[in-house]
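I opened this notebook to record what I looked up in the structure, entry by entry. The pocket comes before the strands and the core.

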Amino acid sequence: MRTGRVLAVDVGGTKLAAGVVTSDGEVLAEAKTATGVPGPGGGETLFARLERLCRDALDDATVAVDAIGVGCGGPMRYPDGVVSPLHIPAWREFPLRERFVRAFGHPCVVDNDAKAVALGEWWRGAGRGKRHLLGMVVSTGVGGGLIVDGRLVQGAHGHAGHIGHVNVAREGVRCECGARGCVSAYASGTGLSRRYRDETGAARSAAEIAELARHGDELAMRLYAEAGDALGRGIASVEALCDLEIAIVGGSVALRAWDLLGPPLEASLRASAQFEFTRDIQVVPAQLGERAGLLGAACLALGEHSE
């Protein structure tokens, strides 16, 4: 593990964040902005905005860094850091790692943003002291990362832990990926909005649907109940395969509507987890909020995840 300070970057479908983080997990400076829709120049315009954001964080911290860690939405080619995020159409086969190295002259690690959230929660959040965990992001999409025996699991192509595309309903709702019945089709912000629109013709965000559910709207209540059920089924499947201690659920959709998602998630998990070893898994909301991805990106740069 490196010591010192690193530049950590969190690239999401709705938000860009950058910060300077120490090897003790202290955030010395932080800057963030909406991802937005790039103007003329597309992908290059977006990277220029991200680079300025990083320089703002570095200027505020007034210290030098010696490495860069980036969590970005996928899919991507790992470890090359060539990204094609589903929710950032301007970046297709975009050489993000290479561009950071060229812009800042430091070593750079680029990995999936959900895996970064899992790392952040393991390092400084709800997973501290655990060696076997699932970290999840329920936001624009649903992603995840696995820590097994204190190490981030990469898999053959760098995509291990992608719980958003675990199938929970064979003939279920069609997902953005083209399959039917994925966790993401039910529980992501995109999935919730699409399903509400399909049944009513009205465009509503996941947050708006949550408020409708809290005020007794039957469709909104059903959609969140089905989202929680899908999350519980997905976690039960991963637990049966990996024998974990804890599942940590973060992301804007989950954290802003845990009152709606938590009860059906727990009920579904307990109904699905029938082996004794699968019943012990804890499911908790993330502790670090929006900083989880940033601290996880710092882990990537520090090499904390590889012990």
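Which helices and which strand each supply at least two residues of the lining of the largest pocket? I found that helix H3 (113-124), E10, helix H5 (189-200), helix H6 (206-214), helix H8 (252-256) and helix H10 (292-302) each do so. Before going further I noted that this is a predicted model, in which local features need pLDDT of at least 70 and side-chain atom pairs count only at pLDDT 80 or more, while totals for chains, interfaces and linings use all residues. Residues are numbered from 1 along each chain as its sequence is written, and side-chain values use heavy atoms, with hydrogens and water left out.

**Entry: pocket**

I looked up the volume of the largest pocket and read about 1,100 Å³. A pocket here is an open set of points on a 1 Å grid over the protein atoms alone, where a 1.4 Å probe fits and protein lies on both sides within 12 Å along at least five of seven lines; lining residues have an atom within 4 Å of a point. Grid points are joined across faces, edges and corners, and the volume is the space filled by probe spheres set on the points. Of the 50 lining residues, Asp113, Val137, Ser139, Thr140 and Gly141 are the closest to the centre. H6 gives the most to the lining, with five residues. By class I noted 19 nonpolar, 23 polar and eight charged residues, where Ala, Val, Leu, Ile, Met, Phe, Trp, Tyr, Cys and Pro count as nonpolar, Asp, Glu, Lys and Arg as charged, and the others, Gly among them, as polar.

**Entry: strands**

I next followed E10 (residues 142-148), which is largely enclosed by the rest of the structure because six of its seven residues are buried, buried meaning under 20% relative accessible area (1.4 Å probe, protein chains only). Strands are DSSP runs of E with at least two residues, and helices are runs of H or I with at least four, numbered from the N terminus; two strands pair if DSSP finds at least two bridges between them. Strand E9 (residues 132-138) runs antiparallel to E10 and is joined to it by seven bridges, with Gly135 opposite Gly145, and three residues lie between the two strands of this hairpin. On to strand E11 (residues 151-152), I found antiparallel pairing with E10 over two bridges, Val148 standing opposite Arg151. Two residues separate the strands of that hairpin, and Asp149 takes a positive phi near 55 degrees there.

**Entry: core and single residues**

The largest nonpolar core, a set of buried Ala, Val, Leu, Ile, Met, Phe, Trp, Tyr and Cys residues joined through side-chain atoms within 4.5 Å, has 42 residues, and among those that touch the most other members are Leu134, Met136 and Ile235. Helix H7 (residues 218-242) gives the most to this core, with 10 residues. Leaving out residues up to four places away in sequence, Ile235 touches partners including Leu134, Met136, Ala247 and Val283, contact meaning heavy atoms within 4.5 Å.

Is Ala220 buried or exposed? Ala220, placed in helix H7, counts as buried because its relative accessibility is 0%. With residues up to four places away again left out, Ala220 touches Ile209, Leu212 and Ala213.

I closed with Asp10 in strand E1 (residues 5-11), which counts as buried at 11% relative accessibility. Beyond four places in sequence, the contacts of Asp10 include Lys15, Gly71, Asp113 and Glu290.

Technical notes: Buried < 20%, exposed > 50% of the residue type's maximum accessible area, 1.4 Å probe, protein only.
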